[in-house]
Protein chains: 4
Amino acid sequence: MCEFPDHLICGYRSFMKGRYAGESNRYRALAETGQAPKTMVIACCDSRSAPETIFDSGPGELFVVRNVANMVPPYGPDDHYHGTSAALEFAIQGLKIREIVVLGHGRCGGIHAALNSDGNPLSPGDFIGKWMGLLRPAAEQVQHYDFMTAAERQRALERISIRNSIENLRTFPCVDILEKKGSLTVHGAWFDISTGELWTMNPDTGDFTRPAIEDEAEET
Amino acid sequence: MCEFPDHLICGYRSFMKGRYAGESNRYRALAETGQAPKTMVIACCDSRSAPETIFDSGPGELFVVRNVANMVPPYGPDDHYHGTSAALEFAIQGLKIREIVVLGHGRCGGIHAALNSDGNPLSPGDFIGKWMGLLRPAAEQVQHYDFMTAAERQRALERISIRNSIENLRTFPCVDILEKKGSLTVHGAWFDISTGELWTMNPDTGDFTRPAIEDEAEET
Amino acid sequence: MCEFPDHLICGYRSFMKGRYAGESNRYRALAETGQAPKTMVIACCDSRSAPETIFDSGPGELFVVRNVANMVPPYGPDDHYHGTSAALEFAIQGLKIREIVVLGHGRCGGIHAALNSDGNPLSPGDFIGKWMGLLRPAAEQVQHYDFMTAAERQRALERISIRNSIENLRTFPCVDILEKKGSLTVHGAWFDISTGELWTMNPDTGDFTRPAIEDEAEET
Amino acid sequence: MCEFPDHLICGYRSFMKGRYAGESNRYRALAETGQAPKTMVIACCDSRSAPETIFDSGPGELFVVRNVANMVPPYGPDDHYHGTSAALEFAIQGLKIREIVVLGHGRCGGIHAALNSDGNPLSPGDFIGKWMGLLRPAAEQVQHYDFMTAAERQRALERISIRNSIENLRTFPCVDILEKKGSLTVHGAWFDISTGELWTMNPDTGDFTRPAIEDEAEET
């Protein structure tokens, strides 16, 4: 049947010659001792916003969940499968991570879908429609922010989505307890694919601003 | 309240000076035209197995879902939130991706949990226990493969998990139809964190072998 | 009647012109002083896994038993002929060898027979059926490791066979005593005919891994 | 615990750089298609008489049984483990080999033991004593060939042992039938460790002579 894609084999070869060749001891040690990342990132599936790329992270640094629109459902234990909640539980209880970053980004297709739903689901199962339902109360309002442009509404909902995920994170008892004890912190960030800008969320106000990146300008 | 983590700001600065500086035109173009990856990767959250790192992929190349143990639930449209199914629908129907890779890895904590469950969940919600329940029929059998060592059982279940995800992928009508039409291919791969080896799955037998990587050895 | 096979005469002539011509003094000395190998290898009859080839060994280095599937029966002195036990006794008591290596290999026909017995023996004597009976308890279990592929079951039993032989080796009082005294060591190894990879057994866990072969890659 | 022997790892590395590097395609093909040797060799465990070395054979050429003194027990199906008979059955019925060579050699320790038994077994199990019992009727006579020197008696029994194995081979119905049909041939050979000489057995008379090896002398 079908062969494994050539472009991936090619990329893997580049990895082996480059990063792995230079860090094989680190990989071996990480395999022996197990991972101990202190940071969990909840990011979008988007091909343009890989957390390891944006934060230039090496092996063992980031425990990463990726789903459409970097969302966290509210705490709701039942008999169903909850992939994101399972990852959260594993990160906090199993790995004892110290910080969680919800990373959104510009031009997010999931957010676009939430704002522009025409009632025609992508497929009969309408998984995207239901998944983006996590943002419905916000999306239904933002759709009618008529004085804003479509791009402004999109960016607004992208940031609302990050605050919404953080709010839902805090419905998990373990997050709430550990954050209050000071042993876990929760952060938001938004990445502009076009300019490469990273905007971080002010935890008190929920506003996003660009952190001071010394010398950044010189290089870009 | 708390500041955005310094080590991430530091890593981001490195990204801006390095990759972004060298590829800013590509980022700008990807922002304008939207993403058009042809490959979806379903990988684990593990901090040691980032697909972009292993395949040395640039922005726009891989649409990535990451959950614990790189799992795909079987097709089951209902009123619940299905993050992985939503991502799958978005990738296939929205992005028209051409290939899906399920990427597992060695020393997977989720697989370890599935094999060594002692009945004590990590938290009252037991999200991991329920999530790994997707592998329960296999895990319950493999636990009793007594002639194998613990490490051999772990590796066996890591690979079974990949085959299981691929089997579940095919319960989605769109995957099944497109694969039969020849416009979508499905692949499995397994990454050895310690040695950096990539093993790819033979689509006919389900066996994993190392692809020939010409000249790989020279460098490593 | 029939002539001695030409291809063997031809190969022998090549040996005389090559290895023997270069090492005739060594052969003469080995004949005078007798052999004093420090290593015994218990290997399979398979035409693709000759120990002297795999370990690039010269005359006098390896004392080699070869039987189907590199097996060692458990200690069982009685009035019957025990070829492997006799070789073991000769190696340990007569030659005072210092290390025993059980060398298995991939795609072993004996292991395949043990896993795929259909009740029809190869001949009325059913010698293979009885010989592979040494592995029956394991083979009967592994046959039902249904979540693994046929090739995975084969490889699993190949490695179980090595551990089984090592376990049986230790039922011989002389092996047990000398190993505890530290004057004899016992090892397992598995050779992949296709890739040429050698995997060695971790004596503590029974797991097989590839030893670090510095610079191996440069040449291959 | 104990590490895998360094000298074997070293030899294996040499194999990978040498023979395997030059013949990797052959190894891969042999793995894919399975072995199909046309020759079975029954040889001694002695570290100085490896058949692949003496016949300069490559992978896939020789199916090799090695036991002390290259012996074949007479056909005797019962419930016991018969390693050599099992290998014979596998070679003839499974692999359809076309020729069997019994390869003896000079200064054989097993033959020496058979001629010089002092009633003190090497170990309480006396596996060697029983195994060499296959030659007892001959050994008991040759011990009293008082006009011959000890070395002459040793060489005589080495060759008697080869004829004895061939005689026992023919007690196996399959050998007998196939040989009469002309689809299987049986041969004897004896290797002089010191001089490197190969003596082959005249199938009609049982005598051993040196075959004409053109140009041999020039080189050695």
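Reader: Okay, so a polar contact is a pair of N or O atoms within 3.5 Å; within protein, one must be able to donate a hydrogen and the other to accept it, and residues adjacent in sequence count only if both atoms are side-chain atoms. How many residue pairs in polar contact are there between chain A and chain B?

Author: There are 36, counting pairs where both residues have pLDDT 80 or more. Helix α1 of chain A, residues 6–33, gives the largest share of the side that touches chain B, with 18 residues. Helices here are DSSP runs (H or I, at least four residues; strands are E, at least two), numbered from the N terminus.

Reader: And what's that side made of, by class?

Author: The side of chain A that touches chain B has 48 nonpolar, 30 polar and 27 charged residues. Nonpolar covers Ala, Val, Leu, Ile, Met, Phe, Trp, Tyr, Cys and Pro, charged covers Asp, Glu, Lys and Arg, and the others, Gly among them, are polar.

Reader: Hang on, what's pLDDT doing in there?

Author: This is a predicted model, where local features need pLDDT of at least 70 and side-chain atom pairs need 80 or more, while totals for chains, interfaces and linings use all residues; side-chain values use heavy atoms, without hydrogens and water. As for labels, residues are numbered from 1 along each chain as its sequence is written, and chains are lettered from A and ligands numbered from 1 in the order in which they are written.

Reader: Cool. How much area is buried between chain A and chain B?

Author: About 9200 Å², with carbon and sulfur atoms giving 65% of it. A:Tyr12, A:Tyr81 and A:Phe127 lose the most area in chain A, together 9% of what that side buries. Buried area is the accessible area (1.4 Å probe) that two parts lose on being put together, summed over both.

Reader: How many salt bridges does that interface have?

Author: Four, going by a Lys or Arg side-chain nitrogen within 4 Å of an Asp or Glu carboxyl oxygen. One pairs B:Glu52 with A:Arg66, at 2.7 Å from N to O.

Reader: Where does A:Arg66 sit relative to the rotation axis?

Author: Its C-alpha is 2.3 Å away, the closest approach of any residue of chain A. A turn of 180 degrees with a shift of 0.0 Å along the axis lays chain A on chain B with an RMSD of 0.1 Å. That makes it a two-fold axis. The fit is by least squares on the C-alpha atoms of residues with pLDDT of at least 70 in both copies.

Reader: Why do we say the copies meet through the same surface?

Author: Because 98% of the interface residues of chain A are also interface residues in chain B. In all, 105 residues of chain A contact 104 of chain B, where contact means heavy atoms within 4.5 Å.

Reader: New topic: what about chain C and chain B?

Author: Each gives 25 residues to their contact, and about 1800 Å² is buried, 59% of it from carbon and sulfur atoms. There are four salt bridges, including C:Arg163 with B:Glu152 at 2.8 Å.

Reader: Is C:Met148 buried or exposed?

Author: C:Met148 has 7% relative accessibility, so it counts as buried (buried is under 20%, exposed over 50%, partly exposed in between, with a 1.4 Å probe and protein chains only). It lies in the loop between α6 (136–142) and α7 (150–169) of chain C, and its contacts include B:Tyr145, B:Met148 and C:Arg153.

Reader: How far apart are chain A and chain C?

Author: They don't touch, and their nearest C-alpha atoms are 12 Å apart. Chain A and chain D don't touch either, with 17 Å between their nearest C-alpha atoms.

Note on methods. Lists of a residue's contacts leave out its neighbours within four places in sequence.
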